[in-house]
Amino acid sequence: MASEGEYESILCVKPDVNVYRIPPRASNRGYRAADWKLDTPDWTGRLRITAKGKVAYIKLEDKVSGELFAQAPITEYPGIALETVSDSSRYFVLRIQDDNGRSAFIGVGFGDRGDSFDFNVALQDHFKWVKQENELSKSSQSADTGPKLDLGFKEGQTITLNIGQGKKRDKPRPQSSGGLGLLPPPPGGKIAPPPSSNHNTEQPSGGAETACLLELDSSNSNTVVQSNPSSDLWGDFSSSASSVPSSAPRQDPSSGNWVQF
């Protein structure tokens, strides 16, 4: 049952409810509303569902004065304290209980199907909350009984913190897709083609070299090509000296000028 320190909350209020005296259950097939005198209810009033802690109370009260006619403590739903009938969703079998502990079963019905739906949902939501609270309490108890992890410092134990001395991480260099590491092109410039990977370049043949020399000969007529490169290099100097004319006649050493000197 609920303790004295807990407050009472209202879950649902329905202004019109009918109460019936029901015959005892003849077999285990359940209650049927068709067996009741539905046209002549034994009592009509207001139904109010309240909760105090984990226990819900269905209270039947007078519409005008609010005087309590009967109440039924509900500890679980569905359960023996509140059952549904087999032939209708608007009627229920309620076990009422007085302060002395005496109990009796009565029939409760709603004229509107929406009222019975709200009555059913209010009880389901309350006991769903009760189930969650029970699971949380069990998990907290299991956590308290388990071994606790001691993260405190032992006597004489110290710790050193290096703040602001972290090493800078080197950024990974981007790897080129090819085998050669190429630099990025300058901004606004044209991209030069990559160098050829084939190093076996062919040297120009002798015929191509001779053709180049002939082109130079035709463009510059003052250029003299030596036909015999194996001749004496000193012959050029002697030929050039012999081609220069003498500016004065040669004197005979036996002349008289030597005698005068």
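Start your tour by selecting Trp36, which counts as buried because its relative accessibility is 7% (buried means under 20% relative accessible area, exposed over 50%, partly exposed in between, with a 1.4 Å probe and protein chains only). You're looking at a predicted model, where local features need pLDDT of at least 70, side-chain atom pairs count only at pLDDT 80 or more, and totals for chains, interfaces and linings use all residues. Residues are numbered from 1 along each chain as its sequence is written, and side-chain values use heavy atoms, with hydrogens and water left out.

**Stop 1: the rings**

Keep Trp36 on screen and add Tyr91, which also counts as buried, at 8% relative accessibility. The structure holds 7 aromatic pairs (rings of Phe, Tyr and Trp, using the six-membered ring of Trp, pair if their centres lie within 6.5 Å; planes under 30 degrees apart are stacked, over 60 edge-to-face, and the rest tilted). The Trp36 and Tyr91 ring centres are 6.1 Å apart with planes at 85°, so this pair is edge-to-face. Trp36 sits in the loop between β1 (8–21) and β2 (43–52), while Tyr91 is in strand β6 (residues 91–97), 55 residues apart. Strands (E, at least two residues) and helices (H or I, at least four) are DSSP runs numbered from the N terminus. Now add Tyr20: ring pairs link Tyr20, Trp36 and Tyr91 into a cluster.

**Stop 2: the sheet**

Switch to cartoon view. In what order do the strands of the open sheet run? The 7 strands go β4-β3-β2-β1-β7-β6-β5, with antiparallel pairing (two strands pair if DSSP finds at least two bridges between them). Check β4 and β5 (82–84) at the edges: each has a single partner strand, so one side of each is left without a neighbour in the sheet. Next, zoom in on β2 and β3, which pair in the antiparallel sense over 7 bridges. Here Leu47 stands opposite Leu60 in β3.

**Stop 3: the cores**

Stay on Leu47. Among the 26 residues of the largest nonpolar core, Leu47, Ile58, Ile74, Leu82, Leu94, Phe119 and Leu123 touch the most other members (a nonpolar core is a set of buried Ala, Val, Leu, Ile, Met, Phe, Trp, Tyr and Cys residues joined through side-chain atoms within 4.5 Å). Which elements each supply at least two residues of this core? They are β1, β2, β3 (55–61), β4 (68–74), β6, β7 (103–109) and α1 (113–145). Of these, α1 gives the most, with 5 residues. A second, separate core of 8 residues includes Tyr20, Tyr31, Trp36 and Val85.

**Stop 4: the charges**

Side chains of opposite charge can pair when their charged atoms come close. A search of the whole structure finds 8 salt bridges (a side-chain nitrogen of Lys or Arg within 4 Å of a carboxyl oxygen of Asp or Glu).

- Select Lys63 and Asp16: their closest N and O atoms are 2.6 Å apart. Lys63 lies in the loop between β3 and β4 and Asp16 in strand β1, so the pair ties together parts 47 residues apart in sequence.
- Try Glu61 and Arg48, with closest N and O atoms 2.5 Å apart. Are they buried or exposed? Glu61 is buried, and so is Arg48.
- Move to Asp98 and Arg102, whose side chains meet at 2.9 Å, N to O. Asp98 is partly exposed, at 30% relative accessible area, and Arg102 is exposed, at 60%.
- Finish with Lys14, Asp115 and Asp118, linked in a network of salt bridges.
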